[in-house]
Amino acid sequence: MHLASRRSTGIAALLAATVASAAIAQDPWVEFVEAPERLVLDDLYRVNDNIEKDFAWADFDQNGFTDLVVVRKFPGSVEGGAKNLLLMNEDGVLVDRTDNFAINTDHPSDLGFLTPTNDRDVKVLDIDLDGWMDLVTATTMSDNLNAREGQPRIYRNQGLDQNGNWLGFRFEDDRIPELFAKNGVAANPRACGIAVGDVTNDGYPDIYFVDYDTPETSGTVCIDLNMDGDTDDIVDGVAECNPSPGETPSLDYDGKLLVNLGAANPGFFEDSTTTRMTSNQLAMAFGNECVIRDVNGDGLNDVIRVNTLTSGQDIAVLYQTTGTSWVGPITITNGAPYGMNAGDLNNDGRVDVITADDGQDAYLINDGNDGSGNATWTRYTIADSLGEFGSAIQIADLDDDGWNDVLIADVDTDLPPFCPSSGRRMHIYRNTTVTSALLEEDGTVLPLWALDSTYDAAPIDIDNDGALDLVIGACYGFSVWMNQPAVRIEFEYPTGIPTTVLPNSQTLMGVTLNAVGSPYDAGSARLWSSIDGAAFSSSPLQGAGELLDAMLPAIGCGQELRFYVTADNVAGSSFRSPNSGSHLAIAQTGV
């Protein structure tokens with residue numbers, strides 16, 4: 001199916017659907033099914049959205065489902081901000097709720113997510129430890145904008161109102177003070193990556209970001225954003241041609257450490273300037289990526305950062321000693337690093353590093369500490385990788401075997417070609433468990449069109465079945481892929497899932513069970529139902545084989561019926577449909 005032919009579908013269509021009938025991508029180690037009905041988003045964004053995208057996710061409204069934030073900008077090291085997106089997970093469907101929950105602000109001239117900020121990165125953090133996950137964005141190439149639009153921004157999660165309704169995000173301008181260039185001059189940073197974590201040991205998350213100077217791109221960059229054959233339009237507020245200016249030396253930034261004021265003023269930050277990290281420790285010419293991790297296992301969070309495209313390019317660690325003193329930067333690896341992420345790749349409990357190098361990509365295994373308490377490393381090249389650009393990296397266990405796999409997106413965030421095609425694709429690497437050859441591309445996992453010209457991927461469990469699904473952000477827009485666990489029971493409803501029923505009458509619903517990986521335990525399938533919020537009670541499904549009948553109980557006018565179906569396999573595992581929550585039907589005459 002060609003992506004441009006897709007159209008958004010509603011939640012009701014999903015509930016009535018069986019297994020997605022779109023293209024299936026299979027591979028022996030993991031299997032995904034394309035599921036466009038899992039994303040409710042205007043085609044302006046989901047189809048041919050030739051815009052750079054970066055993802056972050058959490059259960060923002062605490063409904064038990066993982067939600068997704070997308071920050072967007074004109075591609076590359078180029079000016080041109082764009083509207084951001086808030087995709088809320090509503091019973092397994094990602095629905096665009098930007099206008100509902102992401103436009104509240106404390107500034108009369110601001111529009112929250114609708115403000116066209118030039119955001120390069122976004123991270124999730126709980127700024128004030130109130131239990132609700134907030135957001136911080138990294139803005140870049142905003143030389144001519146005010147500080148409110150051109151500097152990192154905090155979106156505070158407002159939690160619930162007195163009636164239990166989620167209030168969404170609120171942009172709060174004063175959470176981060178106005179920042180200044182390293183010589184004290186008023187200027188906006190060119191922040192390329194942002195990291196969050198407690199580096200002052202008070203329990204509150206702090207913020208660190210890397211900055212770059214003059215990019216490889218220059219002049220004016222033009223992209224046909226709406227694919228109409230020209231580049232003279234403004235598409236959803238974004239011009240199709242934008243400048244990529246060099247940096248004025250007097251406006252130069254290096255890295256920044258923003259410290260959370262903690263218990264004294266929770267969720268408000270101060271610029272630590274050089275009071276915690278020295279000017280040499282903050283120095284960088286092209287800072288591209290950063291993370292905060294406890295690298296040497298001493299209980300203190302450290303900073304891993306990438307400095308690239310200049311002499312002395314490397315991935316290096318700044319080791320925290322007391323929260324007010326740091327050692328480093330100590331180089332992990334040189335080469336030509338660009339994208340970077342860190343996590344445990346070989347299941348030894350230590351933080352390893354993976355780099356998207358301008359040559360072949362590589363991973364760095366943490367071998368433990370030397371006599372000074374600093375980590376030592378062994379570098380391994382990913383044999384299946386190509387000598388090409390890569391960027392955003394995600395680390396996740398896609399096949400649920402207990403070992404982290406790796407996804408590396410391909411569109412360079414600095415140098416063209418950008419959209420509509422980078423001429424490259426995403427690579428998804430399986431963890432082999434063999435340290436010296438840990439990552440291999442065992443098949444493409446997804447169809448080649450889905451991997452083409454990608455910016456980021458979100459490995460999240462959309463439907464709460466315990467398996468990580470994928471949302472891909474690319475030049476073509478978005479695609480959604482549902483992970484099919486190796487052992488599962490698929491529930492299908494040949495006659496559909498009722499949303500309305502005749503009052504005072506039982507309703508027959510057909511259920512087909514397809515057991516994969518282990519046979520269905522005959523007689524285990526049950527219908528669970530609840531009327532008007534009462535406790536759920538169960539009754540067995542009738543019939544033999546895989547096609548069974550479920551009899552929904554009768555309800556009166558004005559009553560609500562909630563229901564779900566469960567079944568077991570002979571291995572003793574239980575499965576349910578839907579994976580969490582329940583279906584809803586109401587009594588209505590004339591059905």
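# Reading a predicted model, feature by feature

Biologist: Lys123 counts as partly exposed, at 24% relative accessibility. Where are the limits for buried and exposed?

Modeller: Buried is under 20% relative accessible area, exposed is over 50%, and partly exposed is in between (1.4 Å probe, protein chains only). This is a predicted model, in which local features need pLDDT of at least 70 and side-chain atom pairs count only at pLDDT 80 or more, while totals for chains, interfaces and linings use all residues. Residues are numbered from 1 along each chain as its sequence is written, and side-chain values use heavy atoms, with hydrogens and water left out.

Biologist: Which residue forms a salt bridge with Lys123, and how far apart are the closest N and O atoms?

Modeller: A salt bridge puts a side-chain nitrogen of Lys or Arg within 4 Å of a carboxyl oxygen of Asp or Glu. The partner of Lys123 is Asp121, with 2.9 Å between the closest N and O atoms. Asp121 is buried, its relative accessible area being 4%. By this rule the model has 23 salt bridges.

Biologist: With which residue does Glu172 form a salt bridge at 3.0 Å, and with which at 2.7 Å?

Modeller: Arg170 is the partner at 3.0 Å, and Arg175 is the partner at 2.7 Å. Glu172 counts as buried at 6% relative accessibility. Arg170 is partly exposed at 24%, whereas Arg175 is buried at 8%. Elsewhere, Asp110, Arg148, Glu149 and Arg153 form one network through salt bridges that share partners.

Biologist: Now the backbone. Which residues are joined by cis peptide bonds?

Modeller: Most peptide bonds are trans, and most residues other than glycine have a negative phi. Here, Gly328 and Pro329 are joined by a cis bond with omega about 10°. Ser577 and Pro578 are joined by another, with omega near 0°. Pro329 sits in strand E24, residues 326-333 (strands are DSSP runs of at least two residues, helices, H or I, of at least four, numbered from the N terminus). Pro578, by contrast, is in the loop between strand E43 (574-577) and strand E44 (583-587).

Biologist: Where does a residue other than glycine have a positive phi?

Modeller: Asn48 is one case, with phi near 55°. Asn48 lies in the loop between helix H2 (43-46) and strand E4 (52-58), and is partly exposed at 28% relative accessibility. Asp532 is not a glycine either, and its phi is about 55°. The loop that holds Asp532 runs between strand E39 (526-531) and strand E40 (537-540); Asp532 is partly exposed, at 47%.

Biologist: Back to strand E24. Which sheet does E24 belong to, and in what order do the strands come?

Modeller: Two strands pair if DSSP finds at least two bridges between them. Four strands form an open antiparallel sheet in the order E21-E22-E23-E24. Strand E21 (287-293) and E24 are at the edges with a single partner strand each, so one side of each has no neighbour in the sheet. On average, neighbouring strands here are turned by 20° against each other, direction ignored (axes are lines fitted to C-alpha atoms, for helices over the stretch in contact; angles run from 0 to 180 degrees between N-to-C directions).

Biologist: How many bridges join E23 to E24?

Modeller: Five bridges join strand E23 (residues 314-320) to E24, and the two run antiparallel. Ala316, for example, has Thr331 of E24 as its bridge partner.

Biologist: Into which domains is the chain divided?

Modeller: Domain 1 covers 33-368 and domain 2 covers 488-587 (bounds from an automatic or database domain assignment). Their centres, taken over C-alpha atoms, are 43 Å apart.
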